[in-house]
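Biologist: Could you walk me through this model? I'd like to take it piece by piece.

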Amino acid sequence: MYSRAAMTDTMTLIRPSLDWLPAYEAALAQGWSPDTTRDVSGEQLEKLRRDPERFLHDLFNSPTIRLADGRDVPRLPAHDFWISDGEFCGRISFRFQPGTEELPPNALGHIGYAIVPWKCRRGYATQALRQILPVARSEGFSRVQISCDAENEPSQKVILANGGVLMKTIVHSDKPGGAKFVYWVPTS
């Protein structure tokens, strides 16, 4: 179970569980969204409060995911983690297609992460990315693709701190006139 008393200086990745679901719920209730492309906090909060066990199951085992444009697409295999320092700090996920570095057009990276605002600027995203890279390596990946908005300097710093190399700049599909940076990050 989570508590303020359990807070430490150590940040770890934990598997999502019913024990930690109240902390996830509290983050959603404060307006945090685990999706960086659209705010899903209200939608998730409603489903979680209706049936917590089903919510947790569907969150990571649903055969499809809903994109920002409302389309449902097949869910990629993934390793999902919640980030903890004794309290809930956010989430990170490594998604992939087995046997290839290729991703479908709707997935702009192998790894996505989101830190709750009240835990930002503590280096947790940098540490979480560093800790998930061996998971990607265990799936046979020598490198992973990660993207971020061109104006998202904190995320760029996280990626660069983990050895990221800018591969290309692409047009941002959700922000007219915007751009995204796409990086390769080594897993070793």
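Biologist: How many of the five residues of E6 are buried?

Modeller: Keeping in mind that this is a predicted model, E6 is mostly covered, with five of its five residues buried. The cover is found on both faces of the strand, since Ile111, Tyr113 and Ile115 are buried on one side, while Gly112 and Ala114 are buried on the other. In general, the side chains of a regular strand alternate between the two faces of the sheet.

Biologist: Which strand pairs with E6, and in what sense?

Modeller: Strand E5, residues 88-95, pairs with E6 in the antiparallel sense over five bridges, and within this pairing Arg91 stands opposite Ala114 of E6.

Biologist: What is the order of the strands in that open sheet?

Modeller: The order is E1-E4-E5-E6, which makes an open sheet of four strands with antiparallel pairing. Its edge strands are E1, residues 12-14, and E6, each of which pairs on one side only. From one strand to the next, the twist averages 25°.

Biologist: And how many bridges join E1 to E4?

Modeller: Three bridges join E1 to E4, which covers residues 78-84, and the two strands run antiparallel. As an example to look for, Leu13 has Ile83 in E4 as its bridge partner. Helix H4 packs on this sheet, where it touches E1, E4, E5 and E6, and the direction of H4 makes about 35° with that of E5.

Biologist: Switching to H5, which of its residues are buried?

Modeller: In helix H5, which spans residues 153-161, the buried residues are Ser155, Gln156, Val158 and Ile159. Looking down the axis of H5, these buried residues fall within an arc of 160°, so they line one face of the helix. The general background is that an α-helix has 3.6 residues a turn, so residues three or four places apart point the same way. On the other side of H5, Glu153 and Lys157 are exposed.

Biologist: What do the buried residues of H5 pack against?

Modeller: They pack against two strands you have already met or will meet shortly, among them E6 (111-115) and E9 (179-186), and also against helix H4 (124-138) and strand E7 (143-149).

Biologist: What is there at the start of H5, and what comes just after the helix?

Modeller: At the start of H5, a side-chain oxygen of Asn152 reaches to within 3.0 Å of the backbone nitrogen of Ser155. Just after H5, Gly163 takes a positive phi of about 85°.

Biologist: You mentioned E7 and E9, so what is the order of the strands in their sheet?

Modeller: Their sheet has the order E7-E9-E8, and this is an open sheet of three strands with antiparallel pairing. E7 and E8, the latter covering residues 165-171, stand at the edges with a single partner strand each, so one side of each is left without a neighbour in the sheet. The twist in this sheet averages 25° from one strand to the next. E8 and E9 pair in the antiparallel sense over six bridges, and one bridge to look at is that of Thr169, whose partner in E9 is Phe181.

Biologist: Last topic: what is the mean pLDDT of the chain?

Modeller: The mean pLDDT of the protein chain is 91, and 95% of its residues reach 70 or more. Over residues 1-8, however, the pLDDT is below 50, and this stretch has 17 contacts in the model beyond near neighbours in sequence. As a general caution, where pLDDT is low, the predicted coordinates should not be read in detail.

Methods. Residues are numbered from 1 along each chain as its sequence is written. This is a predicted model: local features need pLDDT of at least 70, side-chain atom pairs count only at pLDDT 80 or more; totals for chains, interfaces and linings use all residues. Side-chain values use heavy atoms; hydrogens and water are left out. Buried means under 20% relative accessible area, exposed over 50%, partly exposed in between (1.4 Å probe, protein chains only). The arc is that of the directions from the helix axis to the C-beta atoms. Contact means heavy atoms within 4.5 Å. A polar contact is a pair of N or O atoms within 3.5 Å; within protein, one must be able to donate a hydrogen and the other to accept it, and residues adjacent in sequence count only if both atoms are side-chain atoms. Two strands pair if DSSP finds at least two bridges between them. pLDDT is the predictor's confidence in each residue, from 0 to 100. Axes are lines fitted to C-alpha atoms, for helices over the stretch in contact, and angles run from 0 to 180 degrees between N-to-C directions.
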